[in-house]
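Subject: Structure for you to look at

Dear colleague,

Here is the structure I promised to pass on, with my notes below it. Please have it open beside you as you read, since the notes go through it residue by residue.

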Amino acid sequence: MTDASLGWIIGILVGIVLVVILLKAINKNGKAKTDYDERQQIERGKAYKYGFYTMMIACVLLLTLQIFEVDLSTLGLTTWFLPIFAGIIAQISYSIFHDAYEGLNTSMPRFVGIMTGIAVFNFAFALISFGRIGLTEGGILRPQFLNLLCGILFLIIAVELLVKKMMNNRGERDEA
Amino acid sequence: MKNLKLKAARAGLDLSQDDLAKMVGVSRQTISAVEKGDYNPTINLCISICKALGKTLDELFWVE
């Protein structure tokens, strides 16, 4: 086992522990599991379905590009993550716009605070890395480019949450 | 189809959608979706809503 592969495995394990700790911090009752009501569970099921389809379509697109001999080698590790990011965005977007993203026990101020922190960390880490060692190595995107993608992902979530909140506020005024 | 009987019963008790949602353990948006007819609740949620508003299933959910 190389140092890089050992680092990757440790990184994944630390990531899992970190996710559990952050979920406990975000949820009001200190549980790692987020609770959803029956409508939200149905909508989230649809969201995962669309996320899965999106990921499959993105994989087929990448495969098609490779079959047509489009050079994707410059993307490096990013190639593997593009379909995952596409699927995550589809799943989260559907959940947000169908009021199934915020759980019954979710503290949104804590959620937004933690997510903003993670986004800022990712942007800062990516930009500092690019400034010190550059965006590419041997013509291939560095793995740090994934931090930039993560930052963009969190930015998209933040914008969608903001838009949805404005839509809900307008809806509440109409219903009142 | 909008559930105006539910909306009227809730308003009759001076409860907001958020108040009712908390009483029955769902999100405010779910109560809104039930009132607008965008979501058909399960029988369990119907019963919880009826108990919270002091009404029967027929009074709130029966459609002639």
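**Two residues with positive phi**

In chain B, D14(B) sits in the loop that links α1 and α2, and I would ask you to look there to begin with, keeping in mind that this is a predicted model. D14(B) is not a glycine, and yet its phi is positive, at about 60°. Is D14(B) buried or exposed? With 7 other C-beta atoms within 10 Å, D14(B) counts as exposed.

Chain A offers a residue to set beside it, namely D99(A), which is not a glycine either and takes a positive phi of about 55°. D99(A) belongs to the loop between α3 (78–97) and α4 of chain A, and because 20 other C-beta atoms lie within 10 Å of its own, D99(A) is classed as buried.

**Chain B: the core and helix α3**

The largest nonpolar core is made of 12 residues of chain B, including L6(B), A9(B), L20(B), V24(B), I31(B), V34(B), L45(B) and L53(B). Four helices of chain B, α1 (4–12), α2 (17–24), α3 (28–36) and α4 (43–53), each contribute at least two residues to this core. As general background, nonpolar side chains in soluble globular proteins tend to be buried together. One member of the core, L53(B), is in contact with A9(B), R10(B), L13(B) and L60(B), if residues up to four places away in sequence are left out.

Helix α3(B) deserves a careful look of its own, because 7 of its 9 residues are buried, so that the helix is largely enclosed by the rest of the structure. Those buried residues are Q29(B), T30(B), I31(B), S32(B), A33(B), V34(B) and E35(B), and just after the helix G37(B) adopts a positive phi of about 80°.

**Where the two chains meet**

The contact between the chains draws 10 residues from chain B and 7 residues from chain A. On the chain B side α3(B) gives the most, with 4 residues, and the residues of that side divide into 4 nonpolar, 6 polar and no charged.

**Chain A: layout and confidence**

Chain A contains 5 helices and 2 strands, which follow one another from the N terminus as α-α-α-α-β-β-α. Its C-alpha atoms fill a box of roughly 60 × 35 × 30 Å along the principal axes, and buried residues account for 18% of the 176 residues in the chain. Of the contacts in chain A between residues at least 6 apart in sequence, 75% join residues at least 24 apart.

As for confidence, chain A has an average pLDDT of 90, and 98% of its residues score at least 70. Within chain A the confidence is lowest in strand β1 (residues 136–137), where the mean is 84, and highest in helix α2 (residues 38–67), where it is 96.

**Chain A: helix packing and domains**

Helix α1 (residues 3–26) of chain A packs with helix α4 (residues 108–133) of chain A at an angle of about 145°, and their axes are 8 Å apart. Which residues make this contact? From α1(A) they are L22(A), A25(A) and I26(A), and from α4(A) they are R110(A), F111(A) and I114(A); by class, the contact has 5 nonpolar, no polar and 1 charged residues.

Another residue of helix α1 of chain A is I16(A), which is exposed, because only 10 other C-beta atoms lie within 10 Å and the cut-off for exposed is 12 or fewer. In space I16(A) is 28 Å from T136(A), C-alpha to C-alpha, while 120 residues separate the two in sequence.

Chain A is also divided into domain 1 (1–33) and domain 2 (36–175), and the centres of the two domains, taken over C-alpha atoms, are 18 Å apart. Between them, 7 residues of domain 1 are in contact with 6 residues of domain 2, and the residues on the domain 1 side divide into 3 nonpolar, 2 polar and 2 charged.

With best wishes

Technical notes. Residues are numbered from 1 along each chain as its sequence is written. Chains are lettered from A and ligands numbered from 1 in the order in which they are written. Two residues are in contact if their C-beta atoms, placed from the backbone, lie within 7 Å. A nonpolar core is a set of buried Ala, Val, Leu, Ile, Met, Phe, Trp, Tyr and Cys residues joined through C-beta atoms within 7 Å. Ala, Val, Leu, Ile, Met, Phe, Trp, Tyr, Cys and Pro count as nonpolar, Asp, Glu, Lys and Arg as charged, and the others, Gly among them, as polar. pLDDT is the predictor's confidence in each residue, from 0 to 100. Axes are lines fitted to C-alpha atoms, for helices over the stretch in contact, and angles run from 0 to 180 degrees between N-to-C directions. Domain bounds come from an automatic or database domain assignment.
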